[in-house]
Amino acid sequence: MREKWTTAHMPDQRGRVAVVTGANTGLGYETAKALAEHGASVVLAVRDVHKGGQAAARMTGDVTVQALDLTSLDSVRTAAASLRSRLDRIDLLINNAGVMYTPKQITRDGFEMQFGTNHLGHFALTGLLLDLMLPVPGSRVVTVSSTGHRIRAAIHFDDLQWERSYSRAGAYGQSKLANLMFTYELQRRLATHGTTVAVAAHPGLSSTELTRNSPAPLRLPLTWLAPLITQTPAMGALPTLRAATDPAVLGGQYYGPGGRNEVKGHPRLVISSPQSYEAAIQQRLWALSEDLTGVQFPIAESHQSPFPSESATTT
């Protein structure tokens with residue numbers, strides 16, 4: 001029988017510094033809480049600092065709060081500057097925050113809300129903080145995607161901001177596919193540095209506030225069925241925690257629940273959709289993301305494969 005990975009398997013995190021976005025509730029809260037309990041110095045990077053402070057007060061360990069609004073590139077730059085003034089290293093950057101199935105909205109910079117928040121905000125934040133990670137052996141960028149990257153998902157380069165027509169599910173799928181493509185291209189560029197790696201994770205179907213924008217006809221059934229088809233935020237956070245702390249993790253890997261259809265269960269190595277591995281699209285998305293955010297990463301493009309030679313397993 002395969003061993004079921006839990007927080008009991010996490011190595012001691014003392015001496016490590018972790019920044020977790022969206023950490024005042026749900027998956028981010030559980031991720032930050034577990035890291036702090038295992039000794040890490042954790043920064044909760046959150047939009048609402050009051051709620052962030054309340055979350056920090058419920059955690060044990062060295063936990064601080066940083067204001068961060070991923071819908072504003074000005075806020076992302078301000079947060080990165082503040083973190084750079086406070087920290088001399090970052091071991092873990094957990095790109096967890098996100099929105100799902102929002103009505104048609106735009107960010108302060110004019111981006112479609114889901115793409116702007118879930119992908120572009122995290123792309124910019126990572127680029128602005130990466131040089132605090134590159135000198136740190138074992139440092140990791142973990143970006144949270146979703147099984148939604150398979151649903152009506154594509155990178156719509158001809159209408160990236162959904163200006164012609166809008167689909168909540170399609171826009172969400174695009175943003176979560178972008179999260180994976182960003183991870184894989186980032187790992188390609190990191191491969192020659194030998195210190196920092198990029199990893200992805202997804203929580204399966206977890207009972208969090210993320211589904212509050214689901215279409216009305218689905219909201220009530222989801223509420224009724226939640227105890228049967230979803231898992232707790234603590235369980236949903238396990239793939240992220242394994243991606244962040246398991247010594248066996250390799251750059252370019254993707255972790256999710258090990259149950260049927262990756263909906264629930266203990267975390268294992270999983271495989272994303274075929275299109276998520278298309279290098280030409282990853283590179284085109286990267287170049288466009290640099291243009292849209294104005295953020296250039298302190299690493300050069302590499303033609304090395306981002307994926308480890310070992311095949312995916314079900315451990």
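Biologist: Which residue in strand 4 is the bridge partner of Ala18?

Modeller: In this predicted model, Ala18 has Leu92 of strand 4 as its bridge partner.

Biologist: What makes strand 1 and strand 4 a pair?

Modeller: Count the bridges! A pair needs at least two bridges. Strand 1 (residues 17-21) and strand 4 (residues 92-95) have three, so they qualify, and they pair in the parallel sense.

Biologist: How do you know that strand 1 is joined to strand 2 as well?

Modeller: Try that cut-off of at least two bridges again. Five bridges join strand 1 to strand 2, and these two run parallel. One of the bridge partners to look up is Ser41 in strand 2, which goes with Val17.

Biologist: Okay, what order do the strands of the sheet have?

Modeller: There are eight of them in an open sheet, ordered 3-2-1-4-5-6-7-8, and the pairing is mixed. On average, neighbouring strands are turned by 20° against each other, ignoring direction.

Biologist: Why is one side of strand 3 and of strand 8 left without a neighbour in the sheet?

Modeller: Strand 3 (63-67) and strand 8 (267-269) stand at the edges, so each has just a single partner strand.

Biologist: What makes strand 1 largely enclosed by the rest of the structure?

Modeller: Buried means under 20% relative accessible area. Five of the five residues of strand 1 count as buried, so the strand is largely enclosed. Both faces are covered, with Val17, Val19 and Thr21 buried on one side and Ala18 and Val20 on the other.

Biologist: And which elements lie across strand 1?

Modeller: Helix 3 (residues 73-86) lies across strand 1, strand 2 and strand 3. Helix 4 lies across strand 1, strand 4 and strand 5 (140-144), running at about 170° to strand 4.

Biologist: Why are helix 4 and helix 5 called roughly parallel?

Modeller: Angles under 35 degrees count as roughly parallel. Helix 4 (residues 113-129) and helix 5 (residues 168-190) pack at about 20°, with axes 7 Å apart. That angle falls under the cut-off, so the pair is roughly parallel. The crossing is right-handed.

Biologist: Which residues make that contact?

Modeller: Among them are Phe115, His119 and Phe123 of helix 4, and Tyr172, Lys176 and Phe182 of helix 5. The contact residues divide into seven nonpolar, seven polar and two charged.

Biologist: Last one: how do you know that helix 8 is largely enclosed?

Modeller: Same cut-off, under 20%. Eight of the eight residues of helix 8 (residues 238-245) are buried, so the rest of the structure largely encloses this helix. Even Arg242 is among the buried residues.

Definitions and conventions: Residues numbered from 1 in each chain as written. Predicted model: local features only at pLDDT ≥ 70, side-chain atom pairs only at ≥ 80, totals over all residues. Heavy atoms only, no water. Axes fitted to C-alpha atoms, helices over the stretch in contact; angles between N-to-C directions. Helix = DSSP H or I, 4+ residues; strand = E, 2+ residues; numbered from the N terminus. Left-handed = near helix turned anticlockwise from the far one by under 90°. Contact = heavy atoms within 4.5 Å. Nonpolar A, V, L, I, M, F, W, Y, C, P; charged D, E, K, R; others polar. Buried < 20%, exposed > 50% of the residue type's maximum accessible area, 1.4 Å probe, protein only.
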